[in-house]
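I opened a fresh page for this chain. The plan is to look up backbone oddities, packing, rings and voids, in that order.

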Amino acid sequence: MYKNDLQLLDCTLRDGGYVNDWNWGFQRARDIINALTRANVDVVEVGFLRNIDSYNPNITVCNHIEELNQLLPERTENIMFSAMAMRSNYDIDKLRPYNGQGIEMIRITAHDYDIEEGMDFACQVKQKGYKLSINPINIMGYSDEKIIHIIEMVNQIHPYQFSVVDTFGSMKRRDLDRIVSLVDNNLDKDIRVALHLHENMSLSCCLVQNFIDKHLKRPVAVDGSLMGMGRIPGNLPIELVADYLNDYVDKSYDIDYMMDAIQDYIAPIKGEPKWGYTPAYFLSAKFNLHRNYAEYYLNKGDLTNRDINHILAQFDRSKATVFDADYADLLYVDYMDHRINDDESWNELRNELRGKTILIIAPGGTLSQYKKDIMRYIEEERTIVISVNFIPEDYLVDFAFFSNNKRYDKVENGKGCKIIATSNLEEKMADYYIDYNSLSGAFNQGCNSLIMLLKLLKDMDVSKISVAGADGYKEKGVNYYNTNIRSYTKHGNKFNLAVISAIKSLNITLEFVTPSAYDESKGV
């Protein structure tokens, strides 16, 4: 496999639409797309292009690509958007040429009885300037000879991607090995190979791991949908494969946003049509915990999937294999003590920070050494300045972020900046309170205030984030900017590496204004 060149494609709004007749509601569809983009999903499939009587903004099936484009967020960053069209039910003349914006990839499908016509249809899509994905329906229905013939036609067209589609969910591991081997050995090496699986035999997660672990010497892609939503019995659950890719392929998908979208939009639809699994049981499996813990927290009735994810992440391994209700309740009570409704604070902060350049000031000694450089940077970049767990004497800051009681207790009131505090400091005076649990869990060595602030800013739609004074830890500890600040724990280079890893997992780009052990690009 090309290093890290694996794309994860979500097809909830398209394939999941078989469950609800694609009637998502315009705003709900936009919210799902936003959640998927925040989760760092590489490709989001917005819906179907089909011949229909009229446009309904609440339905993700449209005649024209411009109608589907109305669902897309203004800022898409590195996310690709796609749509699907079937040769037999879409008039290609309705598809306007790609203009460099909006939906970039068209995935086309055709049956075995019209595969030749499907290739002509594919050519026309490519000629209109779109990235082309060719997805023959039911590849399990073809002989090896026919698959090779299809690949020969595909090579002549040379699309962006070719998909192995297990339409009827009949594929087993040896089938996957055989078909992927045929495709890989005969398809041009610069064409991406994608995999689309269904859950008829509950094998999709096992098969996709086998596919990923083949490490093909080419770009690859995997399809999935939230909670496996799709034509019954459903698809590969995207959150499961995202979790696997985070663990083994150096990806950084944010499962929390997938959990939120499932909780808010997918689980309520499920009702009678029972497809797939239950996310809480995925989470208990993710942390290798007794399944009764998932049931216990589900029965509480007041926890979201995101909540359960964060509680289970805190488990003592000695409690994993035998269910302990008292221990489970202890974690539940502690979590609930710190959980608050922070919607108002989030919205107000987002309105203040959206589109701005942010400079985070941490209390490292470089704040004194590089003061002139930092002041020049603030003036030239016109930054919003946010300090972390302290308020500096020599710098004017707009906001101070606190998640540490001891650090907060050292601050005097009336410093002229707004205070952002996490909910574990709810008894303190602050302008904004943010739910502590929503920001924790991004760092594998406890809670780190810098990482928590970065996680908060990631969702504020800021333009740019820079850092000064985040010096990191050395053998002799940290040289702090202020002698009143001291570390209550001893850390070393392993801690620095953990911070670097956490920054990567957030999938954000930082500019370091002062030297930092967290700046991997400089090898500091």
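In which loop is Asn389 found? I looked it up in the model, which is a predicted one. Asn389 sits in the loop between strand E11 (384-388) and strand E12 (399-402).

**Entry 1. Positive phi**

I checked the backbone of Asn389 next. Its phi is near 60 degrees, a positive value in a residue other than glycine. Is Asn389 buried or exposed? Asn389 counts as buried, because its relative accessibility is 5%, and the cut-off for buried is under 20%.

I found a positive phi at Met227 too. The value there is about 60 degrees, and Met227 is not a glycine. I placed Met227 in the loop between strand E9 (220-224) and helix H9 (238-248). Met227 has a relative accessible area of 5%, so I noted it as buried.

**Entry 2. Val385**

I moved to strand E11, where Val385 has its place. With 1% relative accessibility, Val385 counts as buried. What does Val385 touch, not counting residues up to four places away in sequence? I listed Leu359, Ile361, Ile378, Leu396, Val397, Asp398 and Phe399. I also took one long distance. The C-alpha atoms of Val385 and Lys214 are separated by 47 Å, and the two residues are 171 apart along the chain.

**Entry 3. Nonpolar cores**

How many residues has the largest nonpolar core? I read 106, and the residues with the most contacts inside this core are Ile106 and Tyr297. Helix H10 (residues 255-270) gives the largest share of the core, eight residues. Another core lies apart from it, with 39 residues. I noted Tyr436, Leu456, Val499 and Leu506 among them. As background, nonpolar side chains tend to be buried together in soluble globular proteins.

I then followed Tyr297. Leaving aside neighbours within four places in sequence, I found Tyr297 in contact with Leu303, Ile308, Ile311, Leu312, Phe315, Ala328, Leu331 and Tyr332.

**Entry 4. Helix H13**

Ile308, Ile311 and Leu312 from that contact list took me to helix H13 (305-312). How many residues of H13 are buried? I read eight of its eight, so H13 is mostly covered. The buried set includes polar and charged names: Asn305, Arg306, Asp307, Asn309 and His310. Ile308, Ile311 and Leu312 complete the list. What do the buried residues of H13 pack against? I wrote down H10, helix H11 (279-286), helix H12 (291-300), H14, helix H19 (436-439) and helix H20 (449-458).

**Entry 5. Aromatic pairs**

I looked up the rings next. The structure holds eleven aromatic pairs. I picked two of them.

Tyr18 and Phe48 form an edge-to-face pair, with 6.2 Å centre to centre and 85 degrees between the planes. This pair links distant parts of the chain, 30 residues apart. Tyr18 is in helix H2 (residues 17-20) and Phe48 is in strand E2 (residues 43-49). Tyr18 counts as partly exposed, at 26% relative accessibility. Phe48 counts as buried, at 3%.

Phe315 and Tyr327 also form an edge-to-face pair, with 5.2 Å centre to centre and 85 degrees between the planes. Phe315 lies in the loop between helix H13 and helix H14 (325-338), and Tyr327 lies in H14, so the pair ties together parts twelve residues apart in sequence. Phe315 is buried, with a relative accessible area of 7%. Tyr327 is buried as well, at 14%.

Which residues form one aromatic cluster? I noted Tyr293, Tyr296, Tyr297, Phe315, Phe323 and Tyr327.

**Entry 6. Cavity**

I closed with voids. The count comes to one cavity of 30 Å³ or more. About 40 Å³ of space lies in the largest cavity. Which residues line the largest cavity? I listed Ile108, Thr109, Ala110, Ile115, Gly118, Met119, Ile134, Asn135 and Pro136. Strand E5 (105-110), helix H5 (115-127) and strand E6 (131-136) each supply at least two residues of this lining. By class, I read six nonpolar, three polar and no charged residues in the lining.

Notes. Residues are numbered from 1 along each chain as its sequence is written. This is a predicted model: local features need pLDDT of at least 70, side-chain atom pairs count only at pLDDT 80 or more; totals for chains, interfaces and linings use all residues. Side-chain values use heavy atoms; hydrogens and water are left out. On a 1 Å grid over the protein atoms alone, a cavity is a set of points where a 1.4 Å probe fits but cannot get out, and a pocket is an open set with protein on both sides within 12 Å along at least five of seven lines; lining residues have an atom within 4 Å of a point. Grid points are joined across faces, edges and corners, and a volume is the space filled by probe spheres set on the points. Helices (H or I, at least four residues) and strands (E, at least two) are DSSP runs, numbered from the N terminus. A nonpolar core is a set of buried Ala, Val, Leu, Ile, Met, Phe, Trp, Tyr and Cys residues joined through side-chain atoms within 4.5 Å. Buried means under 20% relative accessible area, exposed over 50%, partly exposed in between (1.4 Å probe, protein chains only). Contact means heavy atoms within 4.5 Å. Rings of Phe, Tyr and Trp (its six-membered ring) pair if their centres lie within 6.5 Å; planes under 30 degrees apart count as stacked, over 60 as edge-to-face and the rest as tilted.
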